[in-house]
Amino acid sequence: MKSIFIRNGLILFAVCLVIFLISRFFFFSDFLKATVIVNSFVFPLLFAVAAVISTLQLTKKQRIINFREGFSASYITVFTAGFLMMIFIYLYFNYIDIAAEKQLRMQWLQNIQKLPEKNKVMLEIENQLLNYKENIFKISSLIKVFIFTLALPFYGLLSILIALFFRKK
């Protein structure tokens, strides 16, 4: 049964990959704005829909599911897609299109410099972006972002809510 959830995760990954590439190549001049919109609105909605579809498939097959089964159906799907997307982003920014990271950094700097009033935190961010020598898409940074902002809070909370909704007592 878990292979269905992994398959759904692979389909979700493929859809996310297409959306990422569209935002990269069709919004080349404003890649930062396009990725912020996609990461804030499009991907969370897609992940929620995919998690619900996986849980619905399990519910249709078994008729009655408990909380653990509903949570697993949802979490395995979104975790698979998210993990593969993280690996793709690492490979993309470090090996496929190295200039894209520099373009993102320059767009961040331009946005910060457009602010009329800069506070201490914004000035520190600007200094870090100007003096940053390493690639911001290194694997340790991506793993921290994946675990602490996606895998645990977003995927976990989404899966808990879906499991609570679909469970039968």
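1. Accessible areas here come from the Shrake-Rupley method with a 1.4 Å probe, and on that basis the accessible surface of the chain comes to about 10,400 Å², with carbon and sulfur atoms contributing 70% of it. The model under discussion is a predicted one, and every remark below should be read with that in mind.

2. On the overall architecture, the secondary structure amounts to 6 helices and 0 strands, so that, by the definition of helices as DSSP runs numbered from the N terminus, the pattern along the sequence reads α-α-α-α-α-α. The chain has 169 residues, of which 38% count as buried. Among contacts with a separation of 6 or more, 75% are between residues 24 or more positions apart.

3. The count of salt bridges comes to 1, and the pair in question is formed by the side chains of Arg-24 and Asp-97, with a nitrogen-to-oxygen distance of 2.8 Å. The two partners belong to distant parts of the chain, since Arg-24 is in helix H1 (residues 2-26) whereas Asp-97 sits in the loop between helix H3 (67-96) and helix H4 (98-114), 73 residues apart. Arg-24 is buried, and Asp-97 is buried as well, a point that a reader inspecting this pair in the structure may wish to keep in view.

4. Helix H3 offers two side chains that turn back to the backbone. Thr-80, which lies in helix H3, counts as buried because its relative accessibility is 15%, and the cut-off for buried is under 20%. Its side chain reaches the backbone oxygen of Ile-76 at 2.6 Å. Once residues up to four places away in sequence are set aside, Thr-80 touches Ile-6, Gly-9 and Leu-10.

5. The second case is Asn-94, also found in helix H3, where the side chain reaches the backbone oxygen of Tyr-90 at 2.9 Å. Asn-94 has a relative accessible area of 16% and is therefore classed as buried. In general, an α-helix has 3.6 residues a turn, so residues three or four places apart point the same way.

6. A nonpolar surface patch of about 550 Å² deserves separate mention, made by Phe-79, Phe-83, Ile-87, Leu-91, Tyr-95 and Ile-96. One of its members, Ile-87, is found in helix H3 and counts as partly exposed because its relative accessibility is 31%, which lies between the limits of 20% for buried and 50% for exposed. Ile-87 and Ile-143 are 56 residues apart in sequence, yet their C-alpha atoms are 9.4 Å apart in space. Ile-143 lies in helix H6 and, at 37% relative accessibility, is likewise counted as partly exposed.

7. Helix H6 (residues 139-166), the helix in which Ile-160 is found, bends by about 35° at Ile-147. Its buried residues are Leu-142, Phe-146, Ala-151, Tyr-155, Gly-156, Leu-158, Ser-159, Ile-162, Ala-163 and Phe-166, and what covers these buried residues includes helix H2 (31-62) and H3.

8. Ile-160 itself does not appear in that buried set, because its relative accessible area of 34% makes it partly exposed. Leaving aside neighbours within four places in sequence, Ile-160 is in contact with Phe-67 and Phe-71. A further point of reference is Ser-72, which stands 88 residues from Ile-160 in sequence and 9.4 Å from it in space, C-alpha to C-alpha.

9. A final point concerns the backbone at Arg-63, a residue with a positive phi of about 70° although it is not a glycine. Arg-63 lies in the loop between H2 and H3, and it is exposed because its relative accessible area is 64%, where the cut-off for exposed is over 50%.

Definitions and conventions
Residues are numbered from 1 along each chain as its sequence is written. This is a predicted model: local features need pLDDT of at least 70, side-chain atom pairs count only at pLDDT 80 or more; totals for chains, interfaces and linings use all residues. Side-chain values use heavy atoms; hydrogens and water are left out. Helices (H or I, at least four residues) and strands (E, at least two) are DSSP runs, numbered from the N terminus. Buried means under 20% relative accessible area, exposed over 50%, partly exposed in between (1.4 Å probe, protein chains only). Contact means heavy atoms within 4.5 Å. A salt bridge is a side-chain nitrogen of Lys or Arg within 4 Å of a carboxyl oxygen of Asp or Glu. A polar contact is a pair of N or O atoms within 3.5 Å; within protein, one must be able to donate a hydrogen and the other to accept it, and residues adjacent in sequence count only if both atoms are side-chain atoms. The bend at a residue is the angle between axes fitted to the seven residues ending there and the seven starting there. Patches are made of residues with over 30% relative accessible area and no salt bridge: like charges are joined within 9 Å, nonpolar side chains (Val, Leu, Ile, Met, Phe, Trp, Tyr) within 5 Å.
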